[in-house]
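I set out to record what I looked up in this structure, entry by entry. Single residues come ahead of the whole chain.

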Amino acid sequence: MSDTHDKLDAVERAIEFFNQAKVTHVLHAGDLNSPFVVPKFSKLRARLHYVWGNNDGDRETIAARFDELGLPPPQNFASLRLGGRRIALLHGTHPEIVETVIRSGRYHVVVRGHTHRAKVFGKKPLVVNPGEVCGYLTGRETVAVLDLDRLRVRIVEL
């Protein structure tokens, strides 16, 4: 998921979807925006991985809210190993950084946000932009579901 931009009802729908789908990890590619969004994730049954976006304000309080949920403070980039796969998670504000990560050859999957447009492409690595949870720019409130075994992605409208 990415680009929630304070839209609480959409965040709640995304969490409900992830819980019903019994996902084990949720990767958020940034831009939740305000500290008051973070407590909504207390209902998420999956483990949350979050990286900063360019519109996240009051980072100190956001980090404190994550700490209250027992989650580490966000970073600008996360290098994860899930299901035997190496995954890069970043917001994607700078296209040249995104391209460098994609071309590095270090990851099976690169998850990024920022553009608000759901898009999946490539194979080595698979590049996933889940679109926007908020729906403000595209009119579509979306998340992506990644099957790590088959490296297949499904874009889901909330």
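**Entry on Glu141**

I listed the contacts of Glu141, leaving out residues up to four places away in sequence: Glu141 touches Lys7, Ala10, Arg13, Glu132, Val133, Cys134, Gly135, Val156, Glu157 and Leu158. I note that the model is a predicted one. Where does Glu141 sit? I found Glu141 in the loop between β7 and β8, the latter being residues 142-147. I then checked the side chain of Glu141 and found a polar contact of 2.5 Å with the side chain of Lys7. Is Glu141 buried or exposed? The relative accessible area of Glu141 is 12%, and because buried means under 20%, Glu141 counts as buried.

**Entry on Pro130**

I turned next to Pro130, which is placed in strand β7, residues 126-130. Pro130 has a relative accessible area of 1% and is therefore buried. Leaving aside neighbours within four places in sequence, I recorded contacts of Pro130 with Met1, Ser2, Arg112, Ala118, Thr142, Val143, Ala144 and Ile155. I also looked up a distance: Pro130 and Arg154 are 24 residues apart along the chain, and their C-alpha atoms are separated by 9.1 Å.

**Entry on His91**

I located His91 in the loop between β4 (85-90) and α3 (95-103). The relative accessibility of His91 is 2%, so I entered His91 as buried. Which side chain is joined to that of His91 by a polar contact? I found that of Asn54, at 2.9 Å. Asn54 also appears among the residues that His91 touches, when those up to four places away in sequence are not counted. The list further includes Ser2, Asp3, Ala29, Gly30 and Asp31. Val51, Trp52, Gly53, Arg112, Gly113 and His114 belong to it as well.

**Entry on Ile62**

I found Ile62 in helix α2, which covers residues 59-68. At 0% relative accessibility, Ile62 counts as buried. Not counting residues up to four places away in sequence, Ile62 touches Leu32, Asn33, Ser34, Pro35, Val38, Trp52, Asp56 and Gly57. I also compared the position of Ile62 with that of Val120: the two are 58 residues apart in sequence, and their C-alpha atoms are 29 Å apart in space.

**Entry on the whole chain**

How many helices and strands are there in the protein? I noted three helices and nine strands. From the N terminus on, I read the order of the elements as α-β-β-α-β-β-α-β-β-β-β-β.

I then looked up the overall dimensions. The C-alpha atoms fill a box of roughly 35 × 30 × 30 Å along the principal axes. For 158 residues, a compact globule would have a radius of gyration near 15 Å, and the protein has 14 Å, so the value agrees with that expectation.

I recorded that 49% of the 158 residues count as buried. Of the contacts with a separation of 6 or more, 48% are between residues 24 or more positions apart. The protein exposes about 8,200 Å², and carbon and sulfur atoms supply 48% of that area.

I closed with the charges. The protein has 23 positive and 18 negative side chains, and the centres of these two sets lie 10 Å apart.

Note on methods:
Residues numbered from 1 in each chain as written. Predicted model: local features only at pLDDT ≥ 70, side-chain atom pairs only at ≥ 80, totals over all residues. Heavy atoms only, no water. Helix = DSSP H or I, 4+ residues; strand = E, 2+ residues; numbered from the N terminus. Buried < 20%, exposed > 50% of the residue type's maximum accessible area, 1.4 Å probe, protein only. Polar contact = N/O pair within 3.5 Å; in protein donor to acceptor, adjacent residues only side chain to side chain. Contact = heavy atoms within 4.5 Å. Rg over C-alpha atoms; globule rule 2.2 N^0.38 Å. Areas by Shrake-Rupley, 256 points an atom, 1.4 Å probe, with all protein chains shown as cover. Lys, Arg positive; Asp, Glu negative; His and termini not counted. Charge placed at Lys NZ, Arg CZ, Asp CG, Glu CD.
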